[in-house]
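This briefing concerns the sequence and model displayed below. Please read it with the structure at hand.

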Amino acid sequence: MAELFNNEEKIEKVILVGVCREEGDDTQDSMAELEELCNTAGAVTVGSIVQNREQVHPGYYVGTGKLEEIRGLIEETKATGIVCDDELSPAQIKNLENELQCKVMDRTLIILDIFAQRASTSEGKIQVELAQLRYRATRLVGYGRSMSRQGGQIGNRGPGEKKLEVDRRLIKNRISQLKAELDEVKRHREITRSKREGSSTKVAAIVGYTNAGKSTLLNTLTDAGVLEEDKLFATLDPTTRNLKLDNGQEILLTDTVGFVRKLPHHLVEAFKSTLEEAKYADYIIHVVDASNPQWEKQMKIVYETLHQLGVSGKKILTLFNKQDVVGEGEMRGDDLADKTLRISAKNGEGLSEVKEVLENFLREDKRLLEKVFRYEDAGKIQSIRKYGELLEEEYRDDGIYVKAYVPAEMYNI
């Protein structure tokens, strides 16, 4: 799918369209986020229209009467297209294009476009293309030139096949190819994951709403060098770095793609192997933008997405980030977390406490070992230093006395 907005000569001017289904819902917040998404994709928002109705119109998304208002605003602002705040059906797209004679997009298409711009690794690019093709496959509708015959030119199938059928076949074949490539990537990821599990090194997945400060946290703690940008979905590809704690213990930190309202199911499915880093992690570090007025709703969306991915039973450390811009006395809380802290990943405030909590998490998952090792087994103590927490070490006549917290699998070392 070609990028929508990467055209330096012509900037897209769009009107946002939303439907408020009941009083007090989050439509206004969702529309504000949609404007930020469009801005991230490279478009300029020149107008916004919200209709109050119990459910979206099955044919036009908004009611037919509202179309006149949208048409007038398009003429007034010279907009090049509209962006609807929900995923549109093929019929809705077709009907709106016929009525408004402009480009019609939805939230899913905008997010897919941003992902297409931001994907940098081969895995990320495969995942994005797969999500785009799945989205496109459901929107192949046969009308206009899409129904034209291919003709009998050399290299084409017979004149009986429609362009629509060729498109469907090509997309289906490409989806199969991409899924095979993604399965191979997934196998490599599982091998890497199993090696990590075999090494006894614990993993903490950093999750959170997009732009909450996950990459900044990873960079500040580990000097990871991950892109930091005040935009939605600044980074897509997961980054794993080793963090050495003050007591000598080590833990792996894995950054994950940010969550957002109405995260398209095409993306969740395509990015499952990436998002599942949270599922197979030992701990969850939930980063919250404490300066965002919608922090509670964003937390809820993150937990809903984790539930959708089957993430449960993990110890959770919630970090209320961006304290450098939060007013004094403003309290934040998370009843689902095992521990909460106030931090600023940008200036390092509270990060020593983060390390202390991780040390405690690691210690709680270990067993206290007291043992005298023969001198010829001294190499085992090095493994304890690496994967455990060495409390005491004493050289005696009969061997080396060790008192340490060690992973359960190392207790009988």
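Helices (H or I, at least four residues) and strands (E, at least two) are DSSP runs, numbered from the N terminus. The model is a predicted one, in which local features need pLDDT of at least 70 and side-chain atom pairs count only at pLDDT 80 or more, while totals for chains, interfaces and linings use all residues. Residues are numbered from 1 along each chain as its sequence is written, and side-chain values use heavy atoms, with hydrogens and water left out.

**Strand β9 and its partners**

- Strand β9 spans residues 315–321, and 6 of its 7 residues are buried, so the rest of the structure largely encloses this strand; buried denotes under 20% relative accessible area, exposed over 50%, and partly exposed in between (1.4 Å probe, protein chains only).
- Strand β8 (residues 283–289) pairs with β9 in the parallel sense over 7 bridges, where pairing requires that DSSP find at least two bridges between two strands.
- Within this pairing, Tyr283 has Lys315 of β9 as its bridge partner.
- Strand β10 (residues 339–342) also pairs with β9 in the parallel sense, over 4 bridges, and Leu341 in β10 stands opposite Leu319.

**Crossover**

- A right-handed β-α-β unit is made by β8, helix α11 (residues 295–308) and β9; right-handed means that, with the strands pointing away from the viewer, the path from the first strand over the helix to the second runs clockwise.

**Loop residues with positive phi**

- Lys78 is located in the loop between α2 (64–77) and β3 (81–84), and its phi is near 60 degrees, a positive value in a residue other than glycine.
- Lys78 is exposed, its relative accessible area being 62%.
- Lys322, in the loop between β9 and β10, has a positive phi near 65 degrees and is likewise a residue other than glycine.
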